[in-house]
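Trainee: Please choose one part of this predicted model and take me through it closely, giving the cut-offs behind each term as it comes up.

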Amino acid sequence: MITLRGLTKRFGPVTAVDDLTVDIAPGRVTGFLGPNGAGKSTTMRMVLGLDAPTAGRALVAGRPYRELRRPLHEVGALLDARAVHPARSGRAHLLALARSNGIPGRRVDEVLALAGLDDRAAAKPGRALSLGMAQRLGIAGALLGDPPVLMFDEPVNGLDPDGVRWIRELTGRLAAEGRTVLVSSHLMSEMEQTAGHLVVIGRGRLIADAPVGELLATGGSVRVRGPQPEGLSRLAARLTAEGAAVDGDGAGGFTVTGVTAGRVGDLAYELGVVLHELTPVTATLEQAFMELTADAVEYASGVAR
Ligand SMILES: Nc1ncnc2c1ncn2[C@@H]1O[C@H](COP(=O)(O)OP(=O)(O)OP(=O)(O)O)[C@@H](O)[C@H]1O
């Protein structure tokens, strides 16, 4: 479990993280989403004790990072894949990390295998690693202490489609083992298939903390078509009166949001309106995200509201 309580970080005039209160629960993959500069990396750095909060707390298993007795066994993280020694091999890097944390050398072979790095890849010096291989090495390092809490900052960066699938399977497996798994990304389409739960932030503030399905429903709509323009107008008026948003397409139909297809069908029956089409249109996570973060993005690009 990762617990954030009123977590705030200011860098001079910039508020990178703003009063964030959220629990990242075990047993599922939580996607950590937000536009560039939203404060995702800064939040993860505070969980790891790399940045000190200006206010509030970031806790792992109920304690601040600096109070963890065996930190590598409690939380593992991939923050910056490029932070490897240029001359040292991946295996030597992991062995050094293992040795300084009292972890037996054989665990290095286990995590190299888990991360899909063979002997040849593990023997390459840091400077010769592709970004994808460096990501895998970073993940191997995060897994070294077999911790119950894992955080991966943009792990999909630099991976080919096979690598992306691998990350999805690995994070899913780690969560199924009961671990807390937090994965940050700006790739909404990727999160849609990877995460079961999403924490969305914008300008450092919490925008949403909900299951993926719920967020998708937020942006969903229903397409309605029929042969009677007058009947459709009555139906549209009734839906508007119920608080739904109707958007006419000028061609014998309209799209409505904020209501289920079932409710539209019931109302059409009640009003005696013939329908030829009644189609729920599921929003993509991309659309839901755009809708949720519109304010944060517009602020960032200087568009007045
Ligand atoms: N060390 C620092 N000094 C000053 N400002 C910083 C520092 N670190 C981050 N910031 C600022 O804090 C804000 C949040 O940055 P952060 O990197 O946490 O966002 P992010 O959501 O991870 O974005 P990205 O996906 O682009 O990495 C940004 O405005 C950034 O410029």
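Mentor: What follows begins with the model as a whole and then stays with the surroundings of the ligand, the helix α1 and the sheet on which that helix packs.

Because this is a predicted model, local features are given only where the pLDDT is at least 70 and side-chain atom pairs only at pLDDT 80 or more, whereas totals for chains, interfaces and linings use all residues. Residues are numbered from 1 along each chain as its sequence is written. The pLDDT (the predictor's confidence in each residue, from 0 to 100) averages 89 over the protein, and 93% of the residues score at least 70. Residues 298-305, by contrast, have a pLDDT below 50, and beyond near neighbours in sequence this stretch has five contacts in the model, a contact being two residues whose C-beta atoms, placed from the backbone, lie within 7 Å. The scores for the model are an ipTM of 0.95 and a pTM of 0.81.

The C-alpha trace of the protein spans about 75 × 40 × 35 Å along its principal axes, and its secondary structure comes to 12 helices and 13 strands, taken as DSSP runs (H or I over at least four residues for helices, E over at least two for strands) and numbered from the N terminus. Of the contacts in the protein with a separation of 6 or more, 71% are between residues 24 or more positions apart. Of the 305 residues, 37% count as buried, a word that requires 20 or more other C-beta atoms within 10 Å of a residue's own; with 12 or fewer a residue is exposed, and in between it is partly exposed, all C-beta atoms being placed from the backbone.

Turning to the ligand, the residues that surround it are F11, V14, A16, G34, N36, G37, A38, G39, K40, S41, T42 and H186, where a residue is near a molecule if its C-beta atom, placed from the backbone, lies within 6 Å of it. Two elements give two or more residues to this shell, namely β2 (14-24) and α1 (40-47), and it is α1 that provides the largest share, with three residues. By class, the shell has four nonpolar, seven polar and one charged residues, with Ala, Val, Leu, Ile, Met, Phe, Trp, Tyr, Cys and Pro counted as nonpolar, Asp, Glu, Lys and Arg as charged, and the others, Gly among them, as polar.

The helix α1 is itself mostly covered, since seven of its eight residues are buried: K40, T42, T43, M44, R45, M46 and V47. K40 and T42 therefore appear both among the buried residues of α1 and in the shell around the ligand, with burial as defined above. After α1 comes G49, which takes a positive phi near 70°.

The sheet beneath this discussion is an open one of three strands in the order β2-β1-β4, with antiparallel pairing, two strands being paired if DSSP finds at least two bridges between them. Its edge strands, each pairing on one side only, are β2 and β4 (55-60), and from one strand to the next the twist averages 20°. Strand β1 (residues 2-11) runs antiparallel to β4 and is joined to it by five bridges; I2, for instance, has V60 in β4 as its bridge partner. On this sheet packs α1, touching β1, β2 and β4, with a direction that makes about 115° with that of β1; such angles run from 0 to 180 degrees between N-to-C directions of lines fitted to C-alpha atoms, for helices over the stretch in contact.

One further residue deserves attention here, D51, whose place is in the loop between α1 and β4. D51 is partly exposed because 18 other C-beta atoms lie within 10 Å. Apart from neighbours within four places in sequence, D51 is in contact with K9, T42, R45 and M46, so that this loop residue meets T42, one of the residues around the ligand. At the other extreme, D51 and Y269 are separated by 218 residues in sequence and, C-alpha to C-alpha, by 59 Å in space.
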